[in-house]
Amino acid sequence: MNQIGYACINMELSKQKPKIYTGRSMIKRTFEQRGIEYASQLGLDNVKDLYKIIKWNNEHDFKFFRITSNLFPWCSEYKLQDMPDYGEIKMILRKIGKYVKANDMRITSHPGPFNVLTSPHEHVVENCIGDLTMHGDTFDMMNLSRTPYNKINIHIGGAYGDKPKSMERFCKNFERLPDRVKSRLTVENDDKASMYSVKELYNGIYKRIGVPIVFDYHHHRFCDGGLSEQEALEMAISTWPEGITPVVHYSESRSKERLDESIRPQAHSDYVYDYIDTYGNDVDIMIEAKHKELAVERYKELHLC
């Protein structure tokens with residue numbers, strides 16, 4: 001086991017006044033009224049606070065962090081370089097990248113579920129390519145490696161009643177992505193039996209285009225593809241390039257945590273309680289619990305002290 005990280009929001013910093021967070025956004029009507037100028041200001045404020053969060057992480061020995069995919073509100077409606085504050089944003093992102101490298105930190109991202117390269121609808125694919133390109137641009141501005149060490153991770157998307165054809169579309173659409181995305185892209189197993197298991201991703205995606213697989217422990221419980229946890233974990237690990245520590249995701253059921261069967265079992269808990277068995281494999285673990293860095297701290301107290 002290597003690093004244990006958390007995603008996007010720092011609970012401690014977000015409760016400060018003024019709070020430090022990277023989720024400043026707006027509703028569509030506000031964007032239509034105030035335009036790219038306001039979006040740019042929010043993006044600049046988000047990037048400034050991202051620097052603060054990453055510094056806090058390093059000072060508190062959190063070397064692995066997933067940044068938000070919402071740094072730039074409504075960025076599908078404009079090009080990043082057209083933002084009035086682009087120069088300053090680029091400068092701060094470059095500073096963040098230097099700080100990250102100097103302190104041996106790992107930064108990743110996880111674009112949202114609307115990124116569907118399996119879609120048969122061209123406008124959906126075009127929007128996906130645009131969003132993923134924005135992530136690649138952001139990581140390039142930070143001068144992060146064009147490797148899965150700084151992964152841009154997605155689910156591959158819907159099955160549309162024909163998984164083989166859907167995976168074929170994914171592979172074809174992957175070729176339309178710019179190198180700054182292709183070189184960092186990873187795919188993740190799903191949490192529904194009707195969707196994609198590690199085994200399906202291995203055979204339908206990795207074997208065709210070489211995209212590494214991020215193993216999600218919690219999702220595997222709902223879509224195991226006939227593999228044990230260890231088998232699926234090690235199959236996913238085998239897809240990663242030599243010299244780059246694979247990433248896994250770990251969460252537990254909120255339904256179990258709250259002892260409430262009305263909660264979807266796939267929903268993530270506030271904390272995680274069980275020991276994370278990596279079966280002797282060296283991986284970086286992203287804990288996807290609602291209480292973020294507090295959940296990581298609790299896990300370490302339970303199992304690593």
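Here is a short conversation about how the labels used for this predicted model follow from its computed values.

Colleague: Before we start, what kind of model is this, and which residues count?

Modeller: It is a predicted model, where local features need pLDDT of at least 70 and side-chain atom pairs count only at pLDDT 80 or more, while totals for chains, interfaces and linings use all residues. Residues are numbered from 1 along each chain as its sequence is written, and side-chain values use heavy atoms, with hydrogens and water left out.

Colleague: Thanks! What makes Lys-48 and Glu-88 a salt bridge?

Modeller: The term asks for a side-chain nitrogen of Lys or Arg within 4 Å of a carboxyl oxygen of Asp or Glu. For Lys-48 and Glu-88 the N to O distance is 4.0 Å, so the pair meets that cut-off. The two residues come from distant parts of the chain: Lys-48 is in helix α2 (residues 28-59) and Glu-88 in helix α3 (residues 86-102), 40 residues apart. A helix here is a DSSP run of H or I with at least four residues, a strand is a run of E with at least two, and both are numbered from the N terminus.

Colleague: Why are Lys-48 and Glu-88 called partly exposed?

Modeller: Buried means under 20% relative accessible area, exposed means over 50%, and partly exposed is in between, with a 1.4 Å probe and protein chains only. Lys-48 has 34%, and Glu-88 also comes out at 34%, so both take the middle label.

Colleague: How many salt bridges are found in the whole structure?

Modeller: The search returns 15. One of them joins Asp-140 to Arg-184, with the closest N and O atoms 2.8 Å apart. Asp-140 belongs to helix α4 (residues 122-141), whereas Arg-184 sits in the loop between α6 (179-182) and β5 (185-188), so this bridge ties together parts 44 residues apart in sequence. Asp-140 is partly exposed at 26%, but Arg-184 is buried at 0%. Another bridge pairs Lys-182 with Glu-175 at 3.3 Å, N to O; Lys-182 is partly exposed at 22%, and Glu-175 is too, at 47%. Arg-24, Asp-49 and Lys-52 are linked in a network of salt bridges.

Colleague: Which residues have the most contacts inside the largest nonpolar core, and what makes it a core?

Modeller: Phe-72, Ile-96, Ile-205 and Ile-287 have the most contacts inside this core of 84 residues. The name applies to a set of buried Ala, Val, Leu, Ile, Met, Phe, Trp, Tyr and Cys residues joined through side-chain atoms within 4.5 Å. Helix α2 gives the most to the core, with 11 residues. Ile-96 touches Val-47, Leu-50, Tyr-51, Ile-54 and Met-142, leaving aside residues up to four places away in sequence; contact means heavy atoms within 4.5 Å. Apart from the largest core lies another, of 7 residues, among them Phe-64, Val-214, Ile-244 and Val-247. In soluble globular proteins, nonpolar side chains tend to be buried together.

Colleague: Is His-220 buried or exposed, and how do you know?

Modeller: At 6% relative accessibility, His-220 falls in the buried class. His-220 lies in helix α8 (residues 217-220) and touches Asn-189, Phe-215, Leu-227, Ser-228, Glu-229 and Ala-232, again not counting residues up to four places away in sequence.

Colleague: Which strands pair with β1, and how do you know that they pair?

Modeller: Pairing requires at least two bridges found by DSSP between the strands. Strand β1 (residues 4-7) has 2 bridges to strand β8 (residues 284-287), and these two run parallel. There are also 2 bridges in the parallel sense between β1 and strand β2 (residues 64-67), so each pairing reaches the minimum. Ile-4 has Ile-285 as its bridge partner in β8, and Ala-7 has Arg-66 in β2.

Colleague: Last one: why do the buried residues of α11 line one face of the helix?

Modeller: Lys-292, Glu-293, Ala-295, Val-296 and Tyr-299 are buried in α11. Seen down the helix axis, the buried residues fall within an arc of 155 degrees, so they line one face; the arc is that of the directions from the axis to the C-beta atoms. What covers them includes β1, α1 (11-14), α2 and β8.
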